[in-house]
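Below are some notes on helix packing and nonpolar cores, for checking against the coordinates. Please read them with the structure open.

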Amino acid sequence: MYGNYDTATAGASLAENAPGDAEQRFDQLIAAEQRIEPRDWMPDAYRKTLIRQIAQHAHSEIIGMQPEGNWITRAPSLRRKAILIAKVQDEAGHGLYLYSAAETLGVDREELLDLLHTGRQKYSSIFNYPTLTWADVGAIGWLVDGAAIMNRCRCAAAPTARTPGPWCASARRSRSTSARGLRSCTPSRTGPRARRRWPRTR
């Protein structure tokens with residue numbers, strides 16, 4: 001479906017016939033700030049690193065559901081509870097989307113999960129910190145998720161760079177994942193003192 005080569009000179013055949021030409025074409029795409037598609041020829045080290053980075057992001061999406069999910073039963077209002085449930089559901093979808101993106105590069109999803117379970121692949125360490133207040137939940141959505149979206153938009157690897165599109169579409173009912181987190185923080189900065197007090201875990 002995606003590729004920077006003509007069908008008559010697909011990435012695999014180009015690499016077999018003239019490896020130097022394939023590498024030169026790859027360097028040209030990077031220099032021109034174009035995206036590298038899964039069907040394009042790429043160095044083995046680049047593919048390996050790309051799979052590791054996508055897998056780390058996918059693991060983070062799945063693990064990231066846990067600190068936020070802990071607040072579903074303690075959300076300050078019914079509206080915020082509904083928003084948080086939708087966000088946790090979105091995180092699951094984001095993780096599955098990223099696992100699918102990694103599979104286009106030739107790796108098996110079960111292999112990635114096995115690497116996570118055995119500690120040979122990591123996830124974002126920020127999710128090891130406890131979410132003691134509702135502010136922590138909002139900060140995750142506002143800052144952590146917002147930074148991840150911006151980082152992926154600038155990526156040269158097409159499977160990774162395309163992921164923010166579906167994310168924003170799935171979260172469009174609340175404008176965006178980052179804005180959703182910001183709105184979780186904003187009401188607590190205004191109004192009566194009781195309203196400004198962050199709900200805490202017990």
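1. In this predicted model, the crossing of α3 past α4 is left-handed. The residues that form the contact on the α3 side are Ile54, His57, Ala58, His59, Glu61, Ile62, Met65, Glu68 and Gly69. On the α4 side they are Leu84, Lys87, Val88, Glu91, Ala92, His94, Gly95, Leu98, Tyr99, Ala101 and Ala102.

2. By class, the residues in the contact of α3 with α4 comprise 11 nonpolar, five polar and four charged.

3. As for the geometry, helix α3 spans residues 44-69 and helix α4 residues 78-103; their axes come within 8 Å and cross at roughly 165 degrees. The two helices are therefore roughly antiparallel, because an angle over 145 degrees counts as such.

4. The largest nonpolar core has 17 residues, and the members touching the most others are Ile54, Leu105 and Leu112. Helices α2 (19-31), α3 and α4 each contribute at least two residues to this core. The biggest share comes from α3, which gives five. Ile54 thus deserves a check in both settings: it is listed in the α3 contact with α4 and among the best-connected members of the core.

5. Which residues does Leu105 touch, leaving out those up to four places away in sequence? They are Pro38, Met42, Arg47, Leu50, Ile51 and Ile54.

6. There is also a second, separate core of six residues, with Trp71, Ala75, Leu84 and Val137 among them. Leu84 of α4 is also listed in the contact with α3.

Note on methods:
Residues are numbered from 1 along each chain as its sequence is written. This is a predicted model: local features need pLDDT of at least 70, side-chain atom pairs count only at pLDDT 80 or more; totals for chains, interfaces and linings use all residues. Side-chain values use heavy atoms; hydrogens and water are left out. Axes are lines fitted to C-alpha atoms, for helices over the stretch in contact, and angles run from 0 to 180 degrees between N-to-C directions. Helices (H or I, at least four residues) and strands (E, at least two) are DSSP runs, numbered from the N terminus. Angles under 35 degrees count as roughly parallel, over 145 as roughly antiparallel, 65 to 115 as roughly perpendicular and the rest as oblique. A crossing is left-handed if the near helix is turned anticlockwise from the far one by less than a right angle, and right-handed if clockwise. Contact means heavy atoms within 4.5 Å. Ala, Val, Leu, Ile, Met, Phe, Trp, Tyr, Cys and Pro count as nonpolar, Asp, Glu, Lys and Arg as charged, and the others, Gly among them, as polar. A nonpolar core is a set of buried Ala, Val, Leu, Ile, Met, Phe, Trp, Tyr and Cys residues joined through side-chain atoms within 4.5 Å. Buried means under 20% relative accessible area, exposed over 50%, partly exposed in between (1.4 Å probe, protein chains only).
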